Amino acid sequence: MSPTNTDIDVLIVGAGPTGLALGVDLARRGVDALVVERTEGLFPGSRGKGIQPRTMEVFDDLGVLDAIRAAGGGYPVGMIWQDGKQVGEHQMFDPAEATEDSPYTEPWMVPQWRTQEILFARLTELGGKVAFGREVVGITQDEDGVTVGFAAGESVRARYVVAADGGRSAVRRGLGIGMTGVTVDPHPMLVADVRLTGLDRDHWHVFPPHGETDGFMAICPLAGTRDFQIAAQFPEGTAVDLSLDGIRKVVAARSHLDADAVTEVRWASDFRPRAALADRFRDGRVFLAGDAAHVHSPAGGQGLNTSVQDAYNLGWKLGAVLTGGAPTTLLDTYEEERRPIAADMLGLSTSVHRGETRRGEATRQLGLGYRESSLTEETRTAPGQVRAGDRAPDGTLGEVRLFDAFRGPHWTLVAVEVEVPEVPETVGVVRGRAQESYGSGLFLVRPDGYVGWAADRATGLMGYLGRFGLR
């Protein structure tokens, strides 16, 4: 094969939520992509079980929200136990009411393995593919493409590669990209999916530490399943026993349950909470996304959500370059936009872990945006509540629900009390006389649901669209 030839447009390394979400986004854009996964199947554990409202909106656009909602449920109230007695309740998240512009305001609990099954099914439905048992052992790139070698099977050459292969990313290490991090908590943690008896499924059961030798334990019913997730903290330096007997001993020592109340361990892992950020999110034709780019404490449910939104940001840009005639410089904005967001979310998850910040408005991720991005243009003389760079709210305009109009891989022009100019046929248009969230003006909504351009009139609109190959 000559260096200029490629097998596919995009190779995605890792079939976790990040890689599968990106695969879905590229498949619906007609991009020739392949997801490869080191293991022989999808991840079997519940680890990233919280789906934040902003990610619910992303899943709506990707066509999986109904399945996600059917597979999960809301977060239960925490029940605090002491000496076998219920001594109090604890709200895990600050409550918030749904509004017209934000229909999803509470996190939704779905075990990570089930989220991945849903994304995998959607990817397959769209004609996408995942190749399992493909462990990356080498990566080289030149001006025209990237060649990836595997421990088994032939190498693959792609125009672009996206590393979505986790915190120990083989691609990131192969490229020599550093990762700067800190230990969030020196105490090792156990997380396990189990079957057990003796606890109701209406509460998240919390067992505070008994003394200096024990850490806390929490047992959460996993919505949509018969399983519970156990999370337990241990003294620094402890070797965590992941066996059935080891987990039984922890449960018996820290709760009123007998050891044999744990009837089965379905998945178990141990970790030490840390926060780390890759020094850069791009190296030539290779991009880092998800845990390969940023590693979070699980507190606050930011890791999986930030990762899926990485994919959502990168997907439309790769699609625009590969199939839409956009200049390759558009890809420079992936790191520009996502690395600051990841850094902020790392700080947030660390603060939640340490008890400094409650799980509330910030953790829902609805307020994230790109006002400082080079892709953002705000020209109105008196900007209202929604500005260029912000998430485009839901609502109704001219009897059209805005999220319905945004759904799909296209741009959308929202015109409120302003004459609608001619736009390329690939740009959707919604118009109306009044909209509370938007105020008045023209709002060009990007394919990932953020306002890219806002103005009082159409002057400059076609020039802005031309930056993305839209004429």
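1. How do the residues of the lining of the second largest pocket divide into nonpolar, polar and charged? There are six nonpolar, five polar and five charged residues in that lining. The model under review is a predicted one, and the points below should be read with that in mind.

2. The second largest pocket holds about 400 Å³ of space. Its lining is made up of 16 residues. Nearest the centre of this pocket lie Ser102, Glu361, Leu366, Gly367 and Arg391.

3. The next item is the enclosed space. The structure has one cavity of 30 Å³ or more. The volume of the largest cavity is about 160 Å³, and 17 residues line it. Glu57, Asp61, Tyr312, Phe406 and Gly449 are the lining residues that lie nearest the centre of the cavity. Two elements, α2 (53-62) and α10 (402-406), give two or more residues each to this lining.

4. Which element gives the largest share of the lining of the largest cavity? That share comes from α2, with five residues. By class, the cavity lining counts seven nonpolar, three polar and seven charged residues.

5. Now to the helix pairs. Two packed helices are described by the angle between their axes and the distance between the axes. Three pairs are taken in turn below.

6. Helix α2 packs with helix α7 (residues 303-323) at an angle of about 40 degrees, and the two axes are 10 Å apart. Because of this angle, α2 counts as oblique to α7. The crossing of these two helices is left-handed. On the α2 side, the contact is made by Arg54, Thr55, Val58, Phe59, Asp61 and Leu62. On the α7 side, Asn305, Val308, Gln309 and Tyr312 take part. Five residues of this contact are nonpolar, three are polar and two are charged. Asp61 and Tyr312 deserve a second look: both belong to the contact of α2 with α7, and both are among the residues nearest the centre of the largest cavity.

7. Helix α7 also packs with helix α8 (residues 332-353), here at an angle of about 170 degrees with the axes 10 Å apart. Why are α7 and α8 called roughly antiparallel? Angles over 145 degrees count as roughly antiparallel, and the angle between α7 and α8 is about 170 degrees, so these helices are roughly antiparallel to each other. From α7, the residues Thr306, Gln309, Asp310, Asn313, Leu314 and Lys317 meet Thr333, Tyr334, Glu337, Arg338, Ala342 and Met345 of α8. The residues of this contact comprise four nonpolar, four polar and four charged. Gln309 of α7 takes part in the contact with α8 and also in the contact with α2.

8. The last pair is helix α1 (residues 17-28) with helix α4 (residues 112-125), which pack at an angle of about 20 degrees with their axes 9 Å apart. That angle is why α1 is described as roughly parallel to α4. The crossing of α1 and α4 is left-handed. Helix α1 brings Pro17, Leu20, Ala21, Gly23, Val24 and Ala27 to the contact, and helix α4 brings Gln112, Gln116, Leu119, Phe120, Arg122 and Leu123. By class, this contact has eight nonpolar, three polar and one charged residue; the charged one is Arg122 of α4.

Terms used:
Residues are numbered from 1 along each chain as its sequence is written. This is a predicted model: local features need pLDDT of at least 70, side-chain atom pairs count only at pLDDT 80 or more; totals for chains, interfaces and linings use all residues. Side-chain values use heavy atoms; hydrogens and water are left out. On a 1 Å grid over the protein atoms alone, a cavity is a set of points where a 1.4 Å probe fits but cannot get out, and a pocket is an open set with protein on both sides within 12 Å along at least five of seven lines; lining residues have an atom within 4 Å of a point. Grid points are joined across faces, edges and corners, and a volume is the space filled by probe spheres set on the points. Helices (H or I, at least four residues) and strands (E, at least two) are DSSP runs, numbered from the N terminus. Axes are lines fitted to C-alpha atoms, for helices over the stretch in contact, and angles run from 0 to 180 degrees between N-to-C directions. Angles under 35 degrees count as roughly parallel, over 145 as roughly antiparallel, 65 to 115 as roughly perpendicular and the rest as oblique. A crossing is left-handed if the near helix is turned anticlockwise from the far one by less than a right angle, and right-handed if clockwise. Contact means heavy atoms within 4.5 Å.
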